[in-house]
Amino acid sequence: MNEGLLVWLRDARARTLSLLEDLDDEQWFGPELEIVNPPIWELGHVAWFQERWCLRHLLGMESLRADADALYDSAAIPHDVRWKLGFPDRAGTLAYAAGVLERVEHTLAKATDDAYFHQLALFHEDMHGEAFVYTRQTLGYAAPPCSAPHRPGGGPRPGDVEIEGGAFLLGARPGAGFVFDNEQWAHEVELAPFRMARAPVTQSEFRAFVEDRGYERRDLWSADGWSWRVQADARHPVHWRREPDGSWSRRRYDRWVPLEDHLPVHFVNALEAEAWCRWAGRRLPTEAEWEFAAGPARHPWGDSPPTEAHAQLDLASDEPCEVGAHSLGDTPHGLRQMLGNVWEWTATAFGPYPGFRPGPYKEYSEPWFGDHRVLRGGAFATRARLLRNTWRNFYRPHRRDVLAGFRTCAR
């Protein structure tokens, strides 16, 4: 077990560094925005988190930096302060991160149990690795050098499937291995039959909404959605633009490319997704419907681990693939790409399951209950080892910088 953890911990750090190493010092610092962190600070935070749980909490060791908590504790440091801290320079940050991992490697090699906190640090780093990907998109940096552009192929996947509904257990079951506190524990939910789309909404399907003046029609938006749309002056998805000839392009990291009809629309928020649904006579699924449709196994196709044939994960490419790709990952009902490609917004507010108790990392879930929205399924940059059908992601519904699209249900 520990040998496998060591391999994963080293792999996670290699991925983190590969997402930063091509950036210059100015890009490592980045502009002050509400939706991103300074990359140099974020790397230090990842190392601090690993040190806090794997060395200080678990083993009672001293920090490599006396000022580590004052620099990198995200629960204590307001977001807008993170650009103003006296954290170490690039070389110093890299040295701190390397020193922490070296200590972890040394102590883990001698340990015989208590893998929980090493897994916690591993998956925390995996999630920040995904954040570095969408930060590169937000800031217009080049595509990640550790991945290649997607290859065309797969095509559309139109239509719905009928899901029978009934009683099922929502959430993780004890004995399932490492799970986060917000997945605990399985509890019975009753669902009416419903119809769900075989694939996420595509760029061409969303373009039709934009061209039908969807962003101008108040009747298509919720009160919160319209308020956001006006304040943001949103007229189309954030990285789209209309060309002089009437066609549409989207910004793919640092360059503009034509829309690709069969790729899922992504970088849209829950409010935009709901407006599209009203326009199309559809709705977002609840998270219970999503998990029921994904199936009772660990993954939509069964309990075997994901491979590149099953799903678009692990930055195998630097953006989503066409919605018809990866047929080996289908659910028994024929739903495609329930894991990977794009995170999928649901209609469900992020909240606790019955009997919720926070885990050791108390700041992970509980502070965000109520004003965040549940997303399911994973994205092209999500690490395969992180995902299972019960995994719950969560963002505030106005966020459109994350790797999110949406799948719909019939009303």
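The following dialogue examines how certain descriptions of this predicted model are justified.

Trainee: Why is S18 called buried or exposed, and where does S18 lie?

Mentor: S18 lies in helix α1, residues 2-18. Buried means under 20% relative accessible area. The value for S18 is 11%, so S18 counts as buried. Apart from neighbours within four places in sequence, S18 is in contact with P145 and C146.

Trainee: What makes R213 count as buried, exposed or partly exposed?

Mentor: Its relative accessibility is 44%. Exposed requires over 50% and buried under 20%, with partly exposed in between. R213 therefore counts as partly exposed. R213 is found in the loop between α7 and α8 (223-232).

Trainee: What is said of the phi angle of R213?

Mentor: Phi of R213 is near 60°, a positive value in a residue other than glycine. This residue comes just after α7. H326 also has a positive phi, near 70°, and is not glycine. H326 has its place in the loop between α10 and β9. With a relative accessible area of 15%, H326 is buried, because the limit for that word is 20%.

Trainee: How do you know that the buried residues of α7 line one face of the helix?

Mentor: In helix α7, residues 203-211, the buried residues are Q203, F206, F209 and V210. Seen down the axis of α7, they fall within an arc of 115°, so they line one face. Their cover includes β5 (240-242), β6 (248-252) and α9 (270-280).

Trainee: Why are α7 and α9 called roughly perpendicular?

Mentor: The two helices pack at an angle of about 80°, with their axes 10 Å apart. Angles of 65 to 115 degrees count as roughly perpendicular, and α7 and α9 are therefore described in that way. The contact is made by E205, F206, A208 and F209 of α7 together with E272, A275, W276 and W279 of α9.

Trainee: What makes β5 and β7 the edge strands of their sheet?

Mentor: That open sheet has 3 strands in the order β5-β6-β7, with antiparallel pairing. β5 and β7 (255-258) each pair on one side only, and they are the edge strands. The twist averages 35° from one strand to the next. Helix α7 packs on this sheet, touching β5 and β6, and its direction makes about 55° with that of β5.

Trainee: How do you know that β5 and β6 pair?

Mentor: Two strands pair if there are at least two bridges between them. β5 and β6 are joined in the antiparallel sense over 3 bridges, so the condition is met. W240 stands opposite R250 in β6.

Trainee: Why is one side of β11 and of β12 left without a neighbour in the sheet?

Mentor: An open sheet of 4 strands has the order β11-β10-β9-β12, with mixed pairing. β11 (393-395) and β12 (404-405) stand at the edges, each with a single partner strand, so one side of each has no neighbour in the sheet. Strands β9 (residues 343-349) and β10 (residues 373-376) pair in the antiparallel sense over 3 bridges. Helix α10, residues 287-294, packs on the sheet and touches β9 and β10; its direction makes about 15° with that of β10.

Trainee: Why is E291 called buried or exposed?

Mentor: E291 lies in helix α10. Its relative accessibility is 4%, so E291 counts as buried. Not counting residues up to four places away in sequence, E291 touches F168, L169, L170, G171, Y353, R376, N389 and T390. The C-alpha atoms of E291 and E183 are separated by 12 Å, although the two residues are 108 residues apart along the chain.

Trainee: Which residues form the covered face of β3, and which the uncovered one?

Mentor: In strand β3, residues 187-191, the covered face holds H187, V189 and L191, and the uncovered one holds E188 and E190. In a regular strand the side chains alternate between the two faces of the sheet. β3 runs antiparallel to β2 (residues 166-170), and 5 bridges join them.

Trainee: How do you know that the peptide bond from Q184 to W185 is described as cis or trans?

Mentor: Omega is near -15° for this bond, and the bond is cis. W185 has its place in the loop between β2 and β3.

Key. Residues are numbered from 1 along each chain as its sequence is written. Side-chain values use heavy atoms; hydrogens and water are left out. Buried means under 20% relative accessible area, exposed over 50%, partly exposed in between (1.4 Å probe, protein chains only). The arc is that of the directions from the helix axis to the C-beta atoms. Contact means heavy atoms within 4.5 Å. Axes are lines fitted to C-alpha atoms, for helices over the stretch in contact, and angles run from 0 to 180 degrees between N-to-C directions. Angles under 35 degrees count as roughly parallel, over 145 as roughly antiparallel, 65 to 115 as roughly perpendicular and the rest as oblique.
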